[in-house]
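Thanks for coming. I have one structure to go through today, so please look at the display first.

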There are 2 protein chains.
Amino acid sequence: MMNYKTFFTPGPSQMYFTVEDHLKTAFKENIPSISHRSNAFSDIFKNTRESLKNLLSVPDGYEIYFTSSANEIWERIIQNLVQNKSHHFVNGAFSEKFYNFAISYQKASSITRAGEGLEFENLSVPDNTELISITLNETSTGYAFDQNNIKQLRADHPDKIIALDGVSAFPAVPINLELVDTAYFSVQKCFGLPAGLGVWVVNKKCLNHYEKVKGSGLVTGSYHDLAQLKSAGDKNQTPETPNILSIYLLGKVAEDMINRPVKMIQSETAYKAAILYQAIENSKSLTPFVKQKVNRSKTVVVAETKNGNTEILDTLKTKGWIMGKGYGAYKEDHIRIANFPAVSKEQMEQVADFISTL
Amino acid sequence: MMNYKTFFTPGPSQMYFTVEDHLKTAFKENIPSISHRSNAFSDIFKNTRESLKNLLSVPDGYEIYFTSSANEIWERIIQNLVQNKSHHFVNGAFSEKFYNFAISYQKASSITRAGEGLEFENLSVPDNTELISITLNETSTGYAFDQNNIKQLRADHPDKIIALDGVSAFPAVPINLELVDTAYFSVQKCFGLPAGLGVWVVNKKCLNHYEKVKGSGLVTGSYHDLAQLKSAGDKNQTPETPNILSIYLLGKVAEDMINRPVKMIQSETAYKAAILYQAIENSKSLTPFVKQKVNRSKTVVVAETKNGNTEILDTLKTKGWIMGKGYGAYKEDHIRIANFPAVSKEQMEQVADFISTL
């Protein structure tokens, strides 16, 4: 074993157990050399799509497309699905960044920032909003959007497009995708894969709204506009030469997670999160950053430190545990601990035991 | 040896000799798990940039940025460097695709299509053009743009931006980058790496023109607009979580190519191309598609078949040599043979011997 470290960083993070073996197989089978216009590639594309649909219980009528990152998906959502106005529920730096993309694209978008304690005091959305952005799991603050609130937004706005950022949640947190119209994630979080691939789920309502945006005369992009993604995707291809190796690895890891099965991954995630929050509450030098239990992320656990995080992170490092600093303004004060599927129950029990003594 | 095949396909293609070893080292050193905001990542970013600058003799005042593909760079060039109008010299499907991106972005762009025999009969460019697009090596047809014509365009248009597509040429074909203002490539061609990374070289004239485009009120993108690439790049970072593993591998392969040294790679490329074209001329069933020798690509050698390519490709496959079909309208009639650095002189001598008997 050359790997003496375990990465609890909230992305990129620890590789999933099976990644290195799949990579060896990929090279044996010449996956990085095959043409993206070959049947061999189409088979890989199809397998990855179908495995993801199975793993995430993607409803009928929703389709999956591949981009280079979740950042790219933010941009493509704004280009393809927003003619004038989106509304953004913002509970941290990443949901704020998506709002900023809308502003860069000169949309008249609006924002509801979480208040004290990060909760949303009201869920109202301006009438003329086309798309509502929700971040299921805000990686910067460890705030989880209450799924009951997603249900309420869906009920209140049946005609608007609801976009769900699943970046550091899917597939470790169960979610009913029928509640939303589009959802997306990147693979370097819960899937435990190298960064460089974004996955975009869209339903027919999105495709219809895209036609309206396109019809209005707006630029909707080029190789990755929805029509081009769909036209190539219908042939199990991509418009450009994609990150073939990553699409292959994602399909393989998705299969592994289906077989584990995924329900076990989700219940282990809940168990590991529970013991970790308990340990943080027991610790003298740490407290959970998110106060309301319903909004505590199960996959990115954020603790406030009393006297800065340097000493604690260094102590954890001596155990071989690489954990994340705080994000942005909280850089020196928070510890962010990724509770992704690549970390076993046994490892997290060790970590929790140690943290409770800090 | 599990790999019984050699890929002469024009991208994705055969992996460079050293890629698999570098990948093993990357996993040992946890490269896929490190944070893109860590010093460890900045060191990788810096090393890859510096190795590429050395390998490609990038002039002072030019900087390197990373995207997900050359397709993305086409889009970013249009968004960032063209306010109204670009002019495109088109000698195949890929240079045409770039022109189509400009049209998708509603630019009043113009085009010079190569005539019979693929040569450009005149090199004139409309006066109000901001950017001239040249494709050094058109992967779809095996047409190489005469470097003397690049010199002439530079002399005729000192104030316009010249953009050079180096996709299937760099670094196997020597080029003086001082003749152009921006250049780009993807890594799955001559670098023999898995697809999923684009490399964009821009000089200060580009940055100045970007300011003008931005100042005109146009949308210049979001996370990958030039200002954001530069702001992150100045810290040896990327705006988003990038394909870290690919940036690492590119730096390592660039070092290997510097050490070989690159001049030897370039002279071997010329030698391998010469014996391959000779073999095609000797063959009874094949002829070179590009008639003028000065325009014959050294890296993507395209042969016309008399009676379709199926039988010939199948015969080559029995030798373990996977070669490319024709592109687009030429799908059934051409054979495209990648002559990239991953293929040794000895291998190409074997291939040439065999092809001359066909």
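Is B:Asn30 buried or exposed? B:Asn30 is buried, because its relative accessible area is 9%, and the cut-off for buried is under 20%. Before going on, note that this is a predicted model.

I start with this asparagine for its backbone. Phi of B:Asn30 is near 60°, which is a positive value in a residue other than glycine. The residue belongs to the loop that connects α1 (19–28) and α2 (39–55) in chain B. In chain A, A:Asn30 also has a positive phi, about 60°, and is not a glycine either. A:Asn30 is located in the loop between α1 and α2 (39–55) of chain A. As for its accessibility, A:Asn30 has a relative accessible area of 8% and is therefore buried, given the limit of under 20%.

Staying with the backbone, there are two cis peptide bonds to point out in chain A. One of them runs from A:Gly11 to A:Pro12, with omega near -5°. A:Pro12 sits in the loop between β1 (6–8) and α1 (19–28) of chain A. The other cis bond goes from A:Phe170 to A:Pro171, with omega near -5°. For A:Pro171, the location is the loop between β8 (161–165) and β9 (182–186) of chain A.

Now the interface. How many residues of chain B are in contact with chain A? The number is 50 residues of chain B, and they contact 50 residues of chain A. The two chains bury about 4000 Å² between them, and carbon and sulfur atoms give 58% of that area. On the chain B side, B:Phe27, B:Ser33 and B:Tyr223 lose the most area to chain A, and together they make up 15% of what that side buries.

On the polar side of the account, 2 salt bridges are counted between chain B and chain A. In one of these, the side chain of B:Arg76 meets that of A:Glu75 at 2.7 Å, N to O. There are also 12 residue pairs in polar contact between the two chains, with both residues at pLDDT 80 or more. Several helices take part: α1, α3 (70–81), α4 (93–104) and α8 (244–259) of chain B each supply at least two residues of the side that touches chain A. By residue type, that side of chain B divides into 20 nonpolar, 22 polar and 8 charged residues.

Next, a strand in chain B. Which side chains of strand β4, residues 110–113, are buried? They are B:Ser110 and B:Thr112, which point to one face, while B:Ile111 and B:Arg113 point to the other and are not buried. This is the regular pattern, since side chains in a regular strand alternate between the two faces of the sheet. Strand β3 (residues 86–90) of chain B runs parallel to β4(B), and 4 bridges join them. Within that pairing, B:His87 has B:Ser110 as its bridge partner.

Last, one residue in chain A. A:Lys325 is part of strand β13 (residues 321–325). Its relative accessible area is 45%, so A:Lys325 counts as partly exposed, that is, between the 20% and 50% limits. Leaving out residues up to four places away in sequence, A:Lys325 touches A:Asn309, A:Leu313, A:Lys331, A:His334 and A:Arg336. The C-alpha atoms of A:Lys325 and A:Val302 are separated by 9.4 Å, and these two residues are 23 residues apart along the chain.

That is what I have for today.

Definitions and conventions:
Residues are numbered from 1 along each chain as its sequence is written. Chains are lettered from A and ligands numbered from 1 in the order in which they are written. This is a predicted model: local features need pLDDT of at least 70, side-chain atom pairs count only at pLDDT 80 or more; totals for chains, interfaces and linings use all residues. Side-chain values use heavy atoms; hydrogens and water are left out. Buried means under 20% relative accessible area, exposed over 50%, partly exposed in between (1.4 Å probe, protein chains only). Contact means heavy atoms within 4.5 Å. Buried area is the accessible area (1.4 Å probe) that two parts lose on being put together, summed over both. A salt bridge is a side-chain nitrogen of Lys or Arg within 4 Å of a carboxyl oxygen of Asp or Glu. A polar contact is a pair of N or O atoms within 3.5 Å; within protein, one must be able to donate a hydrogen and the other to accept it, and residues adjacent in sequence count only if both atoms are side-chain atoms. Ala, Val, Leu, Ile, Met, Phe, Trp, Tyr, Cys and Pro count as nonpolar, Asp, Glu, Lys and Arg as charged, and the others, Gly among them, as polar. Two strands pair if DSSP finds at least two bridges between them.
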